[in-house]
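Subject: Handing over the structure, with notes

Hello,

Here is the structure I promised to pass on, and below it you will find my notes. Please keep it open beside you while you read.

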Amino acid sequence: MVKHVILWTLKDELSQEEKKEVKKGIKEGLEGLKGVVPGIVDIRVIIDGLASSNADLMLDSTFESEEALKNYAVHPAHVAVADGKVRPYTSIRSCLDFEE
C-alpha cells in the first residue's frame, strides 16, 4: 500500500465564507474519486482542523501501489478536480508519499 498525504493552505484573499465553500468543494470532489479512479483504496479530506493547525485542509489517501498513485495523478477525473476545485484556491501544497 502507498499513502499519499497532502496539506494545503488556501489563498489569503479568500473570505472565511469562501474558504468554507472551497474546502467543501475539494472534499466532495476528491472523495468522489473513489470507485472512479482505479487503485484508490481509501480517500478522505479533513476540512475541520483544530485552531492550532497551520494548514487549512488535508488529503489522506491510500493506493494499491505506487503505480496506482502515478495513474491517479494523470487520470482525467482527478485532473478535473485538481484544476477546477483545488489549484485555483490554494497557495501552499505540501505532499508526503510513502509505503505502508
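Where is S65 found? S65 sits in the loop that runs between β3 and α2. Before going further, please keep in mind that this is a predicted model, and that every value in this email was computed from it.

With a relative accessible area of 28%, S65 counts as partly exposed, because that value falls between the 20% below which a residue is called buried and the 50% above which it is called exposed. Although S65 and E99 are 34 residues apart in sequence, their C-alpha atoms are 8.3 Å apart in space.

The core

The largest nonpolar core has 22 residues, and the members that touch the most others are W8, I26, L30, L59 and Y72. Two or more residues come from each of β1 (2–10), α1 (16–31), β2 (40–46), β3 (57–63), α2 (66–74) and α3 (76–86), and among these β1 gives the most, with four residues. As general background, nonpolar side chains in soluble globular proteins tend to be buried together.

To see what one member of the core meets, take L59, and leave aside its neighbours within four places in sequence: L59 is then in contact with H4, V5, I6, W8, L30, I43, R44, V45 and Y72. Three of the names in that list, W8, L30 and Y72, will be familiar from the core residues that touch the most other members.

T62 is also worth finding, and its place is in strand β3. T62 is buried, because its relative accessible area of 9% is under the 20% cut-off. Not counting residues up to four places away in sequence, T62 touches M1, V2, K3, G39, I40, V41 and D42.

Two helices and their buried faces

Which residues of α2 are buried? They are A68, L69 and Y72, and they cover an arc of only 100° around the axis, which puts them on the same side of α2. The background here is that an α-helix has 3.6 residues a turn, so residues three or four places apart point the same way. The elements that cover the buried residues of α2 include β1, α1, β2, β3, α3 and β4.

In α3, the buried residues are H78, V81, A82 and V86. Looking down the axis of α3, you would see these residues fall within an arc of 95°, so they line one face of the helix. They pack against β1, α1, α2 and β4.

The largest pocket

About 250 Å³ of space lies in the largest pocket. It is lined by 15 residues, of which H4, I6, H78, R87 and R93 are the closest to its centre. Two of these have come up already, since H4 is among the contacts of L59 and H78 is one of the buried residues of α3. At least two lining residues are supplied by each of β1, α2, α3 and β4 (90–99), and the lining as a whole divides into nine nonpolar, three polar and three charged residues.

Two loops that meet, and one helix residue

V36 is found in the loop between α1 and β2, while H75 has its place in the loop between α2 and α3. Both are partly exposed, V36 with a relative accessible area of 44% and H75 with one of 21%. Leaving aside neighbours within four places in sequence, V36 is in contact with H75 and A77, and H75 is in contact with V36, V37 and P38. The C-alpha atoms of H75 and V37 are separated by 7.0 Å, although these residues are 38 residues apart along the chain. For V36 and D48, by contrast, a separation of 12 residues in sequence goes with 25 Å in space, C-alpha to C-alpha.

Finally, E17 lies in helix α1 and is partly exposed, with a relative accessible area of 49%. The C-alpha atoms of E17 and D56 are separated by 13 Å, and the two residues are 39 residues apart along the chain.

With best wishes

Definitions and conventions:
Residues numbered from 1 in each chain as written. Predicted model: local features only at pLDDT ≥ 70, side-chain atom pairs only at ≥ 80, totals over all residues. Heavy atoms only, no water. Core = buried A, V, L, I, M, F, W, Y, C linked by side-chain atoms within 4.5 Å. Buried < 20%, exposed > 50% of the residue type's maximum accessible area, 1.4 Å probe, protein only. Contact = heavy atoms within 4.5 Å. 1 Å grid on protein atoms, 1.4 Å probe; cavity = no way out; pocket = protein on both sides within 12 Å on 5 of 7 lines; lining within 4 Å. Points joined across faces, edges and corners; volume = space filled by probe spheres on them. Nonpolar A, V, L, I, M, F, W, Y, C, P; charged D, E, K, R; others polar. Arc of directions from axis to C-beta.
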